[in-house]
Amino acid sequence: MRTFYPPIEPYASGMLDVGDGHEIAWETSGSPDGKPVVFLHGGPGGGSTPAHRRLFDPARYRIVLLDQRMCGRSTPHASEPDADLATNTTWTLVADLERLREHLGVERWLVFGGSWGSTLALAYAQTHPERVTELVLRGIFTLRRAELEWFYEGGAAALVPDLWEDFLAPIPAEQRRGSLIQAYHRLLTDPDPAVHGPAALAWTTWEASTLTLLPRPALVAAMRDPAHALAFARIENHFFVHVGWLEEGQLIAGAGALRDVPGVIVQGRYDLCTPAMTAWDLHRAWPRAELVMVPDAGHAFDEPGILDALVTATDRFAG
């Protein structure tokens, strides 16, 4: 079973001005002459980590990581009191990727994305298919109404009612009869830290607690850093309130644009965050992509079966 490549450090990094007052943090590692690959993190708002470099053979890949707008090391940060998310959208992020590609002098690259990263990867690849050599996607998420309602409006509560109760806790009882995403939007945009702070921790803890098939308390604790949790929750909620600025079913319906793009879809059978229905629908709309259904995994990229499938895919496409 394949696992992470050894730890490596970047050989170049910087901040790229992408307009609208935003700078995104980027780095490159591996081989400067290797095949370009860009890693798109989840969330939105999750940020990149050193472990993400290790999904790729450093002798064969030029590995590009970035922190998308307003998270990680990018500026401004969504945890700041006056954070304005108005220019942080799916389509500004697609444009940021093109600006970064041009900045780095990359002609075409493999695009790798998991969870929200799969959403962004699909949006980018369907907009710029000529720039994509292959796609490796994990935990498929396309912001369809059913997907959002499953995880944020009560569907998943049938399996984890104890965790769901904690997610509901910050919401006043009278607001629980409407949209919970909208209720959280009111809490997360409230200027009072006594209001938005607990809401951010509850939102982020709900997601962190459901990422893996088996509980992983250390992962939950890591995601509960207050600044990270606030940025993560605000950015996710902002995107979900606006349904990703996508038409219903847009990324599945648009999969025909990928007919010439090889790909691998890796999906945990027991993924609570992004259930397998979306990976299946994408595979049917994009038959050229191989679907790998991992029988003993949830959502996280580093669960053993998912990690094995992802590294197998990146090795396959390394050339």
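In this predicted model, strands β6 and β7 (residues 263-268) run parallel and are paired over 4 bridges. Within that pairing, Arg-138 stands opposite Val-266 of β7. On the β5 side, β6 is again paired in the parallel sense, with 5 bridges joining it to β5 (residues 109-114). Here Val-111 has Leu-135 of β6 as its bridge partner. The connection from β5 to β6 passes through helix α3 (residues 116-127), and the resulting β-α-β crossover is right-handed. Strand β6 itself spans residues 132-138 and is mostly covered, with 7 of its 7 residues buried.

These strands belong to an open sheet of 8 strands, ordered β1-β2-β4-β3-β5-β6-β7-β8, in which the pairing is mixed. Its edges are formed by β1 (12-19) and β8, each of which pairs on one side only. On average, neighbouring strands of the sheet are turned by 20° against each other, direction ignored. Strands of a sheet pair through backbone hydrogen bonds, either parallel or antiparallel. At the β8 edge, β7 and β8 run parallel and are joined by 6 bridges. Gly-268 has Val-294 as its bridge partner in β8. Helix α12 packs on the sheet, where it touches β4 (61-66), β5, β6, β7 and β8. The direction of α12 makes about 175° with that of β7.

The loop between β8 (289-294) and α12 (304-316) holds His-299. With a relative accessible area of 3%, His-299 falls under the 20% limit and therefore counts as buried. Its side chain is joined to that of Asp-271 by a polar contact of 2.7 Å. Beyond the residues up to four places away in sequence, His-299 touches a set of residues that includes Ser-115, Arg-138, Gly-139 and Leu-211. Asp-271, Cys-273, Thr-274 and Ile-306 are also among the residues touched by His-299. Arg-138 thus appears twice in this account, as a contact of His-299 and as the residue opposite Val-266 in β7.

A second loop to follow is the one between β4 and α2 (90-104), where Gln-68 lies. Gln-68 is buried, with a relative accessible area of 4%. Leaving aside neighbours within four places in sequence, Gln-68 is in contact with Ile-24, Leu-40, His-41, Pro-44, Ser-74, Leu-93, Trp-116 and Leu-120. One of these contacts, Pro-44, is in the loop between β3 (35-40) and α1 (50-53). The peptide bond leading from Gly-43 into Pro-44 is cis, with omega near 0°. Another cis peptide bond runs from Thr-75 to Pro-76, with omega near -10°. Pro-76 is found in the loop between β4 and α2, the loop that also holds Gln-68.

The helices α4 and α5 can be taken together. In α4 (residues 145-152), the buried residues include Glu-147, Leu-148, Phe-151 and Tyr-152. Seen down the axis of α4, its buried residues fall within an arc of 95°, so they line one face of the helix. They pack against α5 (161-168), α6 (180-188), α7 (193-209), α9 (226-241) and α11 (276-285). Just after α4, Gly-154 takes a positive phi of about 125°.

In α5, Trp-164, Phe-167 and Leu-168 are the buried residues. These cover an arc of only 95° around the axis, which puts them on the same side of α5. On the other side of α5, Asp-162, Glu-165 and Asp-166 are exposed. The buried residues of α5 pack against α4, α6 and α7. Leu-168 has a relative accessibility of 18% and so counts as buried, the limit being 20%. Not counting residues up to four places away in sequence, Leu-168 touches Arg-176 and Leu-180. From C-alpha to C-alpha, Leu-168 and Glu-153 are 10.0 Å apart in space, and they are 15 residues apart in sequence.

The loop between α9 and α10 (250-253) contains Val-243, and Trp-245 lies in that loop too. Most residues other than glycine have a negative phi, and most peptide bonds are trans. Val-243, however, has a positive phi, near 50°, and that of Trp-245 is positive as well, near 55°. Val-243 counts as partly exposed, at 30% relative accessibility. Trp-245 is also partly exposed, at 26%.

Notes. Residues numbered from 1 in each chain as written. Predicted model: local features only at pLDDT ≥ 70, side-chain atom pairs only at ≥ 80, totals over all residues. Heavy atoms only, no water. Buried < 20%, exposed > 50% of the residue type's maximum accessible area, 1.4 Å probe, protein only. Helix = DSSP H or I, 4+ residues; strand = E, 2+ residues; numbered from the N terminus. Pairing = 2+ DSSP bridges. Right-handed = clockwise from strand over helix to strand, strands pointing away. Polar contact = N/O pair within 3.5 Å; in protein donor to acceptor, adjacent residues only side chain to side chain. Contact = heavy atoms within 4.5 Å. Arc of directions from axis to C-beta. Axes fitted to C-alpha atoms, helices over the stretch in contact; angles between N-to-C directions.
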